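Please open the structure in your viewer and keep the sequence panel beside it. The stops below say what to select next and what is to be found there.

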Amino acid sequence: MQWRSLVLQLFGPYHGMRAEDDFLQGEVMFDGAPLTVVGTTNHAPIGVRLALAQARVVLDTIAKHPGRPLLLLIDTQGQQLRRRDELLGINRAMAHLGTTIDLARRRGHRVIGLVYDQALSGGFITSGLIADACYALPEAEIRVMRIPAMARVTKLPEAMLTALSQSNPVFAPGVQNYVAMGGVRALWQGDLQAALRDALAHTPTEDLRARDGAERGGRRLAATVMQCVLDAA
Amino acid sequence: MISYAECSARERLALLLDPGSFHEWLPPIERITSPHLAQLGVPSAFDDGVAIGRATLDGHSVFVAAQEGAFMGGGVGEVHGAKLTGLLQRALRDRPAAVLLLAESGGVRLHEANAGLIAVSEVMRALLDVRAAGVPVIVLIGGANGCFGGMGIVARCADHIVMSDVGRLAMSGPEVIEASHGVDEFDSRDRALVWRTTGGKHRWITGDCDALVEDDVTAFREAAIAAIGAANPLTLEALEDEHVLLTGRLFALPADHADQDEALLLWRAIGVAVAEHVPAMSVEAVRALRIL
């Protein structure tokens with residue numbers, strides 16, 4: 001979905017959101033209360049600059065508006081694959097974004113992630129995946145790598161991976177698989193305002209993704225293994 | 001002197017920790033392996049490529065994890081990631097003096113990509129819980145596979161990073177960048193360029209690691225002992241300082257570099273006058289260059 005169409009549905013015509021190149025931000029009213037929105041569009045590659053721009057909004061929200069909820073709008077092709085970004089410490093900039101979001105959560109801000117178009121690996125891990133919980137639109141795409149590229153890197157036949165992706169959510173791109181594995185808490189369908197309202201009211205603050213993955217059958221071992229470590233003699 | 005890079009994960013544990021003190025949880029004899037690799041016909045490991053447990057370090061109680069780079073490049077799959085998260089959750093409960101993470105990883109294990117990606121984010125959240133509780137998480141980086149992808153981010157979420165000059169810390173590997181944008185963007189076979197971009201000396205000069213050591217297990221042990229008191233819980237002020245530092249770095253590196261080496265430009269901008277000599281300098285000499 002286009003970001004303009006999304007925010008129109010969520011916040012109405014006077015939303016006040018603005019895009020500056022691939023960067024989205026705004027302070028919107030939702031159900032009579034202010035909400036900080038930050039994110040990216042145009043399948044943005046997340047490099048140092050975009051990671052810092054998002055972190056700036058989160059830090060300002062913590063400093064100026066204690067407790068105000070944050071909505072992260074995710075549309076990214078993943079991390080910026082450039083040598084310059086690596087030299088500048090893109091992993092540190094990503095960690096900075098992730099730790100600012102984590103601090104917001106610890107200081108009582110609700111942080112909701114929404115994949116409204118596309119999410120890939122590095123651009124996703126310190127945004128939606130470090131929120132209190134991440135949601136997605138049904139038509140969104142989430143993946144680590146495309147199957148042909150995955151076949152190249154793993155040296156496994158593409159046909160084999162394609163066949164396995166039909167039955168095993170661990171391999172296949174697709175938002176339903178992330179729901180089954182607990183990485184996406186739920187899909188937002190129909191009335192998006194109702195979905196956001198519900199998310200703001202009922203999103204858990206602890207990390208329940210391993211438990212959800214086990215209950216939904218998409219990631220059967222993670223929760224058990226974690227518990228085994230806690231119980232080991 | 002024993003090369004840290006050439007040791008296996010278990011050799012590192014045996015040599016780094018107090019002798020005989022490592023008590024492993026979910027050891028290989030329990031055969032908790034990846035169900036996904038078996039489905040692909042790929043060999044699995046009885047520890048899924050990571051050993052976790054408790055130990056003592058210079059008499060202090062520590063929890064420790066060591067990733068095995070020889071197994072799938074230390075890639076994080078569902079079980080591997082859950083072992084790390086479980087260890088961190090247990091540290092939050094039991095409050096050891098520190099958690100040591102002997103990181104060697106290419107990041108998410110692509111063979112179980114979706115599960116691995118979620119697993120890395122679970123590690124990240126669990127690590128930040130431990131850090132917020134005031135238990136220092138100390139990351140050691142010196143394995144031949146480096147510390148990349150999601151684990152490169154995890155490392156930067158920790159309290160303290162120890163690197164050797166042969167260690168590498170970054171996000172995307174040079175091969176991936178070369179495959180995406182061509183050899184002119186990043187020649188992955190140019191080892192000097194790879195190390196100027198991701199290696200221990202560069203990370204030390206820029207302040208991306210907290211200690212730079214020789215490729216020697218004893219040096220890593222001493223640096224880890226020194227870091228036990230280095231708890232550094234995150235505050236808004238600390239994150240504002242980090243933001244200023246990273247923003248300054250972004251603008252310190254000129255966009256138009258006119259074919260000059262960007263690493264050297266950045267080091268000079270940071271204040272290292274002898275930038276061109278850094279690659280050939282000893283670890284001890286490079287340690288003295290730290291300005292940040």
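Select P254(B) to begin: with 12 C-beta neighbours inside 10 Å, this residue counts as exposed, where a residue is called buried if 20 or more other C-beta atoms lie within 10 Å of its own, exposed if 12 or fewer, and partly exposed in between, with C-beta atoms placed from the backbone. P254(B) sits in the loop between α10 (236-252) and α11 (262-270) of chain B; helices (H or I, at least four residues) and strands (E, at least two) are DSSP runs, numbered from the N terminus. Add L92(B) to the selection, and you will find that P254(B) and L92(B) are 162 residues apart in sequence and 43 Å apart in space, C-alpha to C-alpha.

A word on what is on the screen: this is a predicted model, in which local features need pLDDT of at least 70, side-chain atom pairs count only at pLDDT 80 or more, and totals for chains, interfaces and linings use all residues. Residues are numbered from 1 along each chain as its sequence is written, while chains are lettered from A and ligands numbered from 1 in the order in which they are written. The mean pLDDT of chain B is 95, and 100% of its residues reach 70 or more, pLDDT being the predictor's confidence in each residue, from 0 to 100. The model scores ipTM 0.98 and pTM 0.97.

**Helix α3 of chain B**

Now select residues 78-94 of chain B, which form helix α3; its 17 residues should span 24 Å at 1.5 Å a residue, and its end C-alpha atoms are 24 Å apart, which agrees. The expected span is 1.5 Å times one less than the number of residues in the helix. Of the 17 residues of α3(B), 14 are buried, so that the helix is mostly covered. Just after α3(B) comes R95(B), which takes a positive phi of about 50°. In the loop between β3 (60-67) and α3 of chain B, select M72(B), which has a positive phi of about 55° although it is not a glycine. Is M72(B) buried or exposed? With 27 C-beta neighbours inside 10 Å, M72(B) counts as buried.

**Strands β4 to β7 of chain B**

Move next to strand β5 (residues 137-141) of chain B, where 5 of the 5 residues are buried, so the strand is largely enclosed by the rest of the structure. V137(B), V139(B) and I141(B) point one way from β5(B), whereas I138(B) and L140(B) point the other way. Strand β4 (residues 98-103) of chain B runs parallel to β5(B) and is joined to it by 5 bridges, and L100(B) stands opposite I138(B). Between these strands the chain passes through helix α4 (residues 113-132) of chain B, in a β-α-β crossover that is right-handed, meaning that, with the strands pointing away from the viewer, the path from the first strand over the helix to the second runs clockwise.

Beyond β5(B), select strand β6 (residues 160-164) of chain B, which is parallel to β5(B) and linked to it by 4 bridges. I138(B) has H160(B) as its bridge partner, while I141(B) stands opposite M163(B). β5(B), helix α5 (residues 149-157) of chain B and β6(B) make a right-handed β-α-β unit. Both faces of β6(B) are covered, with H160(B), V162(B) and S164(B) buried on one side and I161(B) and M163(B) buried on the other. From β6(B), 3 bridges lead to the parallel strand β7 (residues 211-213) of chain B, where V213(B) is the bridge partner of S164(B).

**Across to chain A**

Turn to chain A, whose open sheet of 7 strands has the order β1-β2-β3-β5-β7-β9-β11, with mixed pairing; two strands pair if DSSP finds at least two bridges between them. Its edge strands are β1 (18-20) and β11 (186-187) of chain A, each of which pairs on one side only. In the loop between β3 (33-40) and β4 (44-46) of chain A, select H43(A), which counts as partly exposed with 16 C-beta neighbours inside 10 Å.

Finally, show both chains: 64 residues of chain A are in contact with 67 residues of chain B, contact being C-beta atoms, placed from the backbone, within 7 Å. On the side of chain A that touches chain B, α4(A) supplies the largest share, 13 residues.

How values were computed:
Contact = placed C-beta atoms within 7 Å.
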